[in-house]
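Biologist: Please take a close look at the largest pocket of this chain. Which residues lie nearest its centre, and which elements supply its lining?

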Amino acid sequence: MSPTARIPVGAAAVAALAAAPAAAQEDAHWRALRETMVAEQLEARGISDSATLAAMRTVPRHLFVPAARQQDAYGDFPLPIGYGATISQPYIVALMTQLAGPRAGMRVLEIGTGSGYQAAVLAAAGCRVWSLEIVSALAQEARERLIRLGYGGIEVRTGDGWLGWPESAPFDAVVVTAAGDSVPGPLVEQLISGGRLVMPVNDADYGQVLLVVDKAPDGTLTRRRIAPVRFVPLQRGRPR
Ligand code: SAH
């Protein structure tokens, strides 16, 4: 056999060897961007919850944005993800996660699945997540993405988040990632006593503010305004 007959085997082997370091380099590239994001955008602004920071360090945000925007994925801003939806700025995702107070095994209802990034961050922080999205195409894409990336413990369903997910209630926390005029009653009902809801609401002074609603063991509700924010509107009606 002539030496050239072995070239395809050799070439395939060389290509395989070359691909391994290239993939490792690419991982290192994105990991470095995530570390910088965590240090400069999160820790520098007071995000201190260890489960939240660990999750933000590991979830590959660049795989939750449109391919053409991957290089911008770790920037300090939201990005459009189609259907009028946006993936929130990393700081806002971290702030809402920290406010939800993630603990291992905690049950969280998310309204507004979008890309699935916030759901993945909550899951990486140890939570079980039920996530509702009103745009069926987004729900479908997010469900497939989360499976592909290996995030278990997340259920995604198409539906109107205003109504919550009564079959799986009660939840330890509810995180709403679209802004409404008021807090939907069913979401408060589906919260355990001692639970917390985090949601942007329309506000006369700031346009929108992030609101925390704590439900005391006796059912009393306490509201706290946290920060001015900008979210897409919480729609009402039938899923599309
Ligand atoms: N959490 C998402 C970002 C969400 S943007 C992420 O991490 O990528 C807000 C999302 O809320 C949009 O996808 C929008 O379609 C969805 N939405 C708006 N109104 C809704 C409703 N009533 N029920 C469920 N989802 C809703």
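Modeller: A pocket is defined on a 1 Å grid over the protein atoms alone, as an open set of points where a 1.4 Å probe fits, with protein on both sides within 12 Å along at least five of seven lines; lining residues have an atom within 4 Å of a point. The model is predicted, so local features need pLDDT of at least 70 and side-chain atom pairs count only at pLDDT 80 or more, whereas totals for chains, interfaces and linings use all residues. Residues are numbered from 1 along each chain as its sequence is written, and side-chain values use heavy atoms, with hydrogens and water left out.

The lining of the largest pocket comprises 34 residues, and those nearest the centre are Gly 112, Glu 133, Thr 177, Ala 178 and Val 232. The space in this pocket is about 430 Å³, a volume being the space filled by probe spheres set on grid points that are joined across faces, edges and corners. By class, 17 of the lining residues are nonpolar, 13 polar and four charged. Here Ala, Val, Leu, Ile, Met, Phe, Trp, Tyr, Cys and Pro count as nonpolar, Asp, Glu, Lys and Arg as charged, and the others, Gly among them, as polar.

At least two lining residues come from each of β2 (85-87), α3, β3 (107-111), α4 (117-124) and β4 (128-133). Helices (H or I, at least four residues) and strands (E, at least two) are DSSP runs numbered from the N terminus. Strand β2 provides the largest share of the lining, three residues.

The nonpolar core also draws on α3. In the largest such core, of 52 residues, Leu 42, Met 56, Phe 64, Tyr 117, Tyr 151 and Ile 154 touch the most other members. Helix α3 (residues 90-100) contributes the most to this core, with eight residues. A nonpolar core is a set of buried Ala, Val, Leu, Ile, Met, Phe, Trp, Tyr and Cys residues joined through side-chain atoms within 4.5 Å, where buried means under 20% relative accessible area with a 1.4 Å probe, protein chains only.

Tyr 151 has contacts (heavy atoms within 4.5 Å) with Thr 58, Val 59, Pro 60, Phe 64, Ala 120, Ala 123, Ala 124 and Leu 146, not counting residues up to four places away in sequence. Another core, of 21 residues, lies apart from the largest one and includes Val 183, Val 188, Met 199 and Val 209.

For the chain as a whole, there are six helices and nine strands, and 45% of the 240 residues count as buried.

Notes: Buried means under 20% relative accessible area, exposed over 50%, partly exposed in between (1.4 Å probe, protein chains only).
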